[in-house]
Amino acid sequence: QGARESCPSLLILEAPTTLNARRWQHSLGDRGTIVPELPGFGESDPLAEPTLEAAADSLAAMLDELAIREVDVLALDFATPLGAVMAARHPDRVRR
């Protein structure tokens, strides 16, 4: 949703649902946002190895598919550890 060239997209992570993440997305209407369904939730396929590391790698792969180099991450609720692992495993992809 939306985009401003001056800052990277905001990757909003929430688990197990995206309800609050969608609220954040709508409140940040002037900023490009991404609210993915995490692996195994919604209509997304589960991971073969359901670990935080595998989930972080799948998010990096999603960014590759979307041709997005760098994001800011807002991790909510049970997705907070995933945001931390994403930043640790893919520091070149997470600005803050």
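Trainee: What makes Asp57 and Arg89 a salt bridge in this structure?

Mentor: In this predicted model, the closest N and O atoms of Asp57 and Arg89 are 2.9 Å apart, and because a salt bridge asks for a side-chain nitrogen of Lys or Arg within 4 Å of a carboxyl oxygen of Asp or Glu, the pair qualifies. Asp57 belongs to helix α2 (residues 52–65) and Arg89 to helix α3 (residues 80–89), so the salt bridge ties together parts that are 32 residues apart in sequence.

Trainee: Why is Asp57 called partly exposed, and why is Arg89 described that way too?

Mentor: The relative accessible area of Asp57 is 28%, and Arg89 has a relative accessibility of 41%; buried means under 20% and exposed over 50%, so values in between are called partly exposed.

Trainee: How do you know that Arg93 and Asp64 form a salt bridge?

Mentor: The closest N and O atoms of Arg93 and Asp64 are 2.7 Å apart, which is within the 4 Å limit, and therefore the pair counts as a salt bridge. Arg93 lies in the segment after α3 and Asp64 in helix α2, so parts that are 29 residues apart in sequence are tied together.

Trainee: Which of these two residues, Arg93 or Asp64, is buried and which is exposed?

Mentor: Arg93 has 11% relative accessibility and counts as buried, because the limit for that word is under 20%, whereas Asp64, at 52%, counts as exposed, because exposed means over 50%.

Trainee: What makes the contact between Arg31 and Asp72 a salt bridge, and where in the chain do the two residues lie?

Mentor: The N to O distance between the side chains of Arg31 and Asp72 is 2.4 Å, and because this is within 4 Å, the pair meets the definition. Arg31 sits in the loop between α1 (19–27) and β2 (33–34), while Asp72 sits in strand β3 (residues 71–77), with their positions 41 residues apart in the count. Both Arg31 and Asp72 are buried, and they are linked with Arg95 and Arg96 in a network of salt bridges.

Trainee: How many salt bridges does the structure hold?

Mentor: There are five salt bridges in the structure.

Trainee: Why is the chain called as compact as a globular protein of its length?

Mentor: The chain has three helices and three strands, running β-α-β-α-β-α from the N terminus on. Its radius of gyration is 12 Å, close to the 12 Å that the globule rule gives for 96 residues, so the chain is as compact as a globular protein of that length.

Terms used
Residues are numbered from 1 along each chain as its sequence is written. This is a predicted model: local features need pLDDT of at least 70, side-chain atom pairs count only at pLDDT 80 or more; totals for chains, interfaces and linings use all residues. Side-chain values use heavy atoms; hydrogens and water are left out. Helices (H or I, at least four residues) and strands (E, at least two) are DSSP runs, numbered from the N terminus. Buried means under 20% relative accessible area, exposed over 50%, partly exposed in between (1.4 Å probe, protein chains only). The radius of gyration is taken over C-alpha atoms; the globule rule is 2.2 Å times the number of residues to the power 0.38.
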